[in-house]
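Below is a short set of questions and answers for a reader who is meeting this model for the first time. Each answer sets a value against the rule that gives it its name.

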Amino acid sequence: MANAQAVQEDTTAKIIALLNQVDPNDWSLPWHCPGNVFGTNGAFTPQNPLSGTRYSGANWIILALTSGAFGPYNGGDTYPSGRYATYRQWKKAGYQVRRGESGTPVIFYKEVERQKPAPPGKDEVYRMLRTFTVFAAEQVDGTELPVEDHVIEGSPHERAEAFILATGAETRWGGKAACCRHSIGDAGISSAIEMPMRENFTTYQRFYSTWLHELVHWTKYPTGRSSWLEANFKELDERYAFEELVAELGAAMLSAHLQVANDPLPENAQYVSAWLSRLNDDSTYIFKAAARAQAAISHLIKLVDAAPAAERSVA
Ligand SMILES: [Zn+2]
């Protein structure tokens, strides 16, 4: 079993290799999933066809790399089905992983009870990063592959529109550039998205991808948490690059979830060199960003699920 640190280092190296290939003339980032070969509208939604689990957060990134959904890096295999299960799960279901195939280690957090009393302010249980190995459907011999697609209704644009509105995020229309503003008031921090009018966007895909990107920024400050603002704004530049990576990954994951094409504004790629320098120094950077992006999405999905039915009719 691969250790978690090796998985982080390997994933980071692959992301670095891909970011080094980004063409400044078109700024298409790896997670914009060009090629549209993955599911509807290029949405990459890796899942376990046997347990129904959807791989999310850092595992979404790890499996996108293995599947080839982020584009080729040196030595990459491609498994476009996006269906992954463990050796034992495949075997139990009557499939056989082919001899000589090597699997992909993915991560999970294992809760471990402390042997000694917890230090002040810490829980008795802590989480440790562990790995397990999965194999793609393409690496398995068997008959019919169980394919259970993530079926959702409506057009991609209707889905994106309904989802964003149902979160309750405030959007102010007519600004010059898309952004999300956080301001301190009596009730703590409030956040609002600013978007140029939709007719200023060249395509619907670009319009919704940009709006989803800002929606991820919008989750940064839950109402009333003013202390976050001071803490976060101390290291402004550093934080901006990190927040942009979170918004970028979050928008990509959310686009996959909603099955809408991910084609944000090219300006979002201006942080590539900042990301590269952080990734080179810290193999946990992309994992932290993925975890934060996944938390943002879970929060947004919860808001949408809690919205009155009329507001989430097609989400
Ligand atoms: Zn942004």
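**Sheet, helices and two residues**

In this predicted model, three strands form an open sheet in the order β1-β4-β3, with antiparallel pairing.

Q: Why are β1 and β3 said to stand at the edges of the sheet?
A: β1 (84-85) and β3 (104-113) each have a single partner strand, so one side of each has no neighbour in the sheet.

Q: How do you know that β3 and β4 pair?
A: Two strands count as paired when there are at least two bridges between them. Ten bridges join β3 to β4 (residues 125-136), and these strands run antiparallel, so the pairing rule is met. Among the facing residues, Val112 stands opposite Tyr126 in β4, and Glu111 has Arg127 in β4 as its bridge partner.

Q: What makes β1 and β4 a pair?
A: β1 and β4 are joined in the antiparallel sense over two bridges, and the rule asks for at least two. The pair therefore qualifies. The bridge partner of Tyr84 is Ala136 in β4.

Q: Which helices pack on the sheet, and at what angles?
A: Helix α1 lies across β3 and β4, running at about 60 degrees to β4. Helix α2 (residues 58-67) touches β1 and β3, and its direction makes about 160 degrees with that of β3.

Q: Why are α1 and α8 called roughly antiparallel?
A: An angle over 145 degrees counts as roughly antiparallel. The axes of α1 (residues 4-19) and α8 (residues 272-281) cross at roughly 155 degrees and come within 10 Å. The two helices are therefore roughly antiparallel to each other. As for handedness, α1 passes α8 in a left-handed crossing.

Q: Which residues meet where α1 and α8 are in contact?
A: From α1 come Thr12, Ile15, Ile16 and Leu19, and from α8 come Val272, Trp275, Leu276, Leu279 and Asn280. The residues of this contact divide into seven nonpolar, two polar and no charged.

Q: Is Asn280 buried or exposed, and how do you know?
A: A residue counts as exposed if 12 or fewer other C-beta atoms lie within 10 Å of its own. Asn280 has 12 such atoms, so Asn280 is exposed. Asn280 lies in helix α8. The C-alpha atoms of Asn280 and Thr12 are separated by 8.0 Å, although these residues are 268 residues apart along the chain.

Q: Is Leu63 buried or exposed, and how do you know?
A: The cut-off for buried is 20 or more other C-beta atoms within 10 Å. Leu63 has 25, so Leu63 is buried. Leu63 lies in helix α2. Leaving out residues up to four places away in sequence, Leu63 touches Pro46, Tyr55, Gly82, Tyr84, Thr104 and Val106. The C-alpha atoms of Leu63 and Ala136, 73 residues apart along the chain, are separated by 9.3 Å.

Q: How many helices and strands does the protein chain have, and what share of its residues is buried?
A: The protein chain has nine helices and eight strands. Of its 315 residues, 36% count as buried.

Q: What share of the contacts between residues at least 6 apart in sequence joins residues at least 24 apart?
A: In the protein chain, that share is 74%.

Note on methods:
Residues are numbered from 1 along each chain as its sequence is written. This is a predicted model: local features need pLDDT of at least 70, side-chain atom pairs count only at pLDDT 80 or more; totals for chains, interfaces and linings use all residues. Axes are lines fitted to C-alpha atoms, for helices over the stretch in contact, and angles run from 0 to 180 degrees between N-to-C directions. Helices (H or I, at least four residues) and strands (E, at least two) are DSSP runs, numbered from the N terminus. Angles under 35 degrees count as roughly parallel, over 145 as roughly antiparallel, 65 to 115 as roughly perpendicular and the rest as oblique. A crossing is left-handed if the near helix is turned anticlockwise from the far one by less than a right angle, and right-handed if clockwise. Two residues are in contact if their C-beta atoms, placed from the backbone, lie within 7 Å. Ala, Val, Leu, Ile, Met, Phe, Trp, Tyr, Cys and Pro count as nonpolar, Asp, Glu, Lys and Arg as charged, and the others, Gly among them, as polar.
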